[in-house]
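Hi,

Here is the structure I promised to pass on. Have a look at it first, and then read my notes below.

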Amino acid sequence: MSDISTIFGEGSVELDLDESLYPKDAIYGSAYVFIDRCYVHLDRVGDGRIRVTLRAKAPGADTKAMSGEFENELLGQAWRRQIVEENRALIEAVTATAIAGA
């Protein structure tokens, strides 16, 4: 899972993501994690491509570190989504059993 083009600016970073590799809800989840320390802007830049712009709220923030943290969070969000999809039947069965027993 790569294919991320990154553009560094002064106090900001733009990441162009391929939506076929990174599902939209994983991108949204990753962006949500960063809203406490960054201004986050999401934009569609082409068919199947989403641009995430992170602009630090605190001056002098390390944009390379911010980019790396976002990419790590994106991988984590995509992994959690995949785990849920693979185990959906089990999750539904456990939930149904718990509700039926109540």
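Aspartate 18 sits across from arginine 49 of β4. That pair belongs to the antiparallel pairing of strand β2 (residues 12–18) with strand β4 (residues 49–56), which runs over seven bridges. Arginine 49 has a partner in the other direction of pairing too: glycine 46 stands opposite arginine 49. Here the strands are β3 and β4, again antiparallel, with eight bridges. The β3–β4 hairpin leaves two residues between its strands, and glycine 48 has a positive phi there, near 75°.

Before you go further, keep in mind that this is a predicted model. Confidence looks good on paper: the protein chain has an average pLDDT of 91, and 97% of the residues score at least 70. Strand β1 (residues 5–9) has the lowest confidence, with a mean of 87, while β4 has the highest, at 96.

Now to the inside. The largest nonpolar core contains 16 residues, and Leu17, Ile27, Val52, Leu54, Met66, Phe70 and Leu74 have the most contacts inside it. At least two residues of this core come from each of β2, α1, β4 and α2. As a reminder of the general picture, nonpolar side chains in soluble globular proteins tend to be buried together.

Which residues of helix α1 (residues 24–33) are buried? They are Ala26, Ile27, Gly29, Ser30 and Ala31. The cover over them includes β2, β3, β4 and α2 (63–86). Isoleucine 27 is a good one to click on: leaving out residues up to four places away in sequence, isoleucine 27 touches Leu17, Tyr22, Leu42, Ile50, Val52, Phe70 and Leu74.

Leucine 42, one of those contacts of isoleucine 27, lies in strand β3 (residues 38–46). Is leucine 42 buried, exposed or partly exposed? Its relative accessibility is 32%, so leucine 42 counts as partly exposed. With residues up to four places away in sequence again left out, leucine 42 touches Ile27, Tyr28, Ala31, Arg51 and Val52. Leucine 42 and valine 13 are 29 residues apart in sequence, and their C-alpha atoms are 12 Å apart in space.

On the α2 side, have a look at two polar residues. Glutamine 77 is in helix α2 and counts as buried because its relative accessibility is 18%, the cut-off being under 20%. Beyond residues up to four places away in sequence, glutamine 77 touches Ala26, Gly29, Ser30 and Val33. Among these, Ala26, Gly29 and Ser30 are on the list of buried α1 residues.

Glutamate 73 is in helix α2 as well. Setting aside neighbours within four places in sequence, glutamate 73 is in contact with Ser30, Val33, Phe34 and Arg80. With arginine 80 there is also a polar contact between the side chains, at 3.3 Å.

Last, helix α3 (residues 88–101). From first C-alpha to last, the 14 residues of α3 reach 20 Å, close to the 20 Å expected at 1.5 Å a residue. How many of the 14 residues of α3 are buried? The count is zero, and α3 is hardly covered.

That's what I have for now. Shout if anything is unclear.

Cheers

Key:
Residues are numbered from 1 along each chain as its sequence is written. This is a predicted model: local features need pLDDT of at least 70, side-chain atom pairs count only at pLDDT 80 or more; totals for chains, interfaces and linings use all residues. Side-chain values use heavy atoms; hydrogens and water are left out. Helices (H or I, at least four residues) and strands (E, at least two) are DSSP runs, numbered from the N terminus. The expected span of a helix is 1.5 Å times one less than its number of residues. Buried means under 20% relative accessible area, exposed over 50%, partly exposed in between (1.4 Å probe, protein chains only). Contact means heavy atoms within 4.5 Å. Two strands pair if DSSP finds at least two bridges between them. A nonpolar core is a set of buried Ala, Val, Leu, Ile, Met, Phe, Trp, Tyr and Cys residues joined through side-chain atoms within 4.5 Å. pLDDT is the predictor's confidence in each residue, from 0 to 100. A polar contact is a pair of N or O atoms within 3.5 Å; within protein, one must be able to donate a hydrogen and the other to accept it, and residues adjacent in sequence count only if both atoms are side-chain atoms.
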